Amino acid sequence: MIRSMTAYASAEATGPAGNLSCELRTVNHRYLELSPRLPDDLRMFEPALRERIAARLSRGKVDITVRLRGEARSESLQVNAGTLARLSELAMDLEARFPRMNIEFTELLRFPGVLQQSEVDQDVLQAALLDVLERALDALTATREREGAKLADLLKDRLDAIERIVADVRSFMPQIREGLRTRLESRLADIKQPADPGRLEQELVLQITRSDVDEELDRLTAHIAETRRVLGTKEAVGRRLDFLMQEFNREANTLGSKAVDVRSTNAAVELKVLIEQMREQVQNIE
């Protein structure tokens, strides 16, 4: 199943570290580009986060936003009795010299070392981060696959249209060849001079060779089959499809350059329109 490169997903969990949330936003990009934004407490885990994402995604620009809110850790707050006792002794010593001195409770708690918070085990913190990341990646992958299925349907519809055009061109090519013969004989008749049958045949063969598109039609048919095969694979296929779009376009251009009939010219134009529509969709496939 192909996957789109455009998606959004999020996940969150509450644990010893507090409330941990992870948001993932992805857009199309030629390669995998990660842009993580982590709080300072989690910055040390960025390499592990990058490794985990790279194992799940192969292309796309990925914005990762991780937030850590510590409300759940409020129960672990403790007052350092020793530091508070020393501050109390100091306040009593200074009270005689500064009788109007007033100490606010909130200011006292801000003094370094008075209020302490128990440290969360780093292994536990990393495990919590990677767990919420995995759940966000699961949701992101599901979204990308749903969008990818829609893109695949669009591509298949256009492949069917291209296949019909190729079949139409094959069907009227014998008529075009016969028309070339008729036009050549008509021009020679206007000259009112006897023509060498051998020279006539050579000229006819030359014109038919110049306008022959059987090889291009065969390659288009092969590209259609290969694109359908690629759409049915499970690995990332965006780069392969992008290459196939270039090959489709090359054959359509050659078909147009060899056109000697309005029907083949129109067919080449229709092919280019369909191929361009496919190319735009392929740009968003992982």
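**Exercise 1.** How many helices and how many strands are there in the chain?

*Solution.* The model is predicted, so that local features need pLDDT of at least 70 and side-chain atom pairs count only at pLDDT 80 or more, while totals for chains, interfaces and linings use all residues. Residues are numbered from 1 along each chain as its sequence is written, and side-chain values use heavy atoms, with hydrogens and water left out. Taking helices (H or I, at least four residues) and strands (E, at least two) as DSSP runs numbered from the N terminus, one finds 8 helices and 6 strands in the chain. Along the sequence their pattern reads β-β-β-α-β-β-α-α-β-α-α-α-α-α.

**Exercise 2.** Determine where Thr233 is found and which backbone oxygen its side chain reaches.

*Solution.* Thr233 is found in the loop between helix H6 (214–231) and helix H7 (238–257). The side chain of Thr233 reaches the backbone oxygen of Val230 at 2.7 Å.

**Exercise 3.** Describe how the axes of H7 and H8 are arranged.

*Solution.* Two packed helices are described by the angle between their axes and the distance between the axes. With axes as lines fitted to C-alpha atoms, for helices over the stretch in contact, and angles running from 0 to 180 degrees between N-to-C directions, the axes of H7 and helix H8 (residues 262–282) come within 9 Å and cross at roughly 165°. Angles under 35 degrees count as roughly parallel, over 145 as roughly antiparallel, 65 to 115 as roughly perpendicular and the rest as oblique; H7 and H8 are therefore roughly antiparallel to each other.

Methods. Polar contact = N/O pair within 3.5 Å; in protein donor to acceptor, adjacent residues only side chain to side chain.
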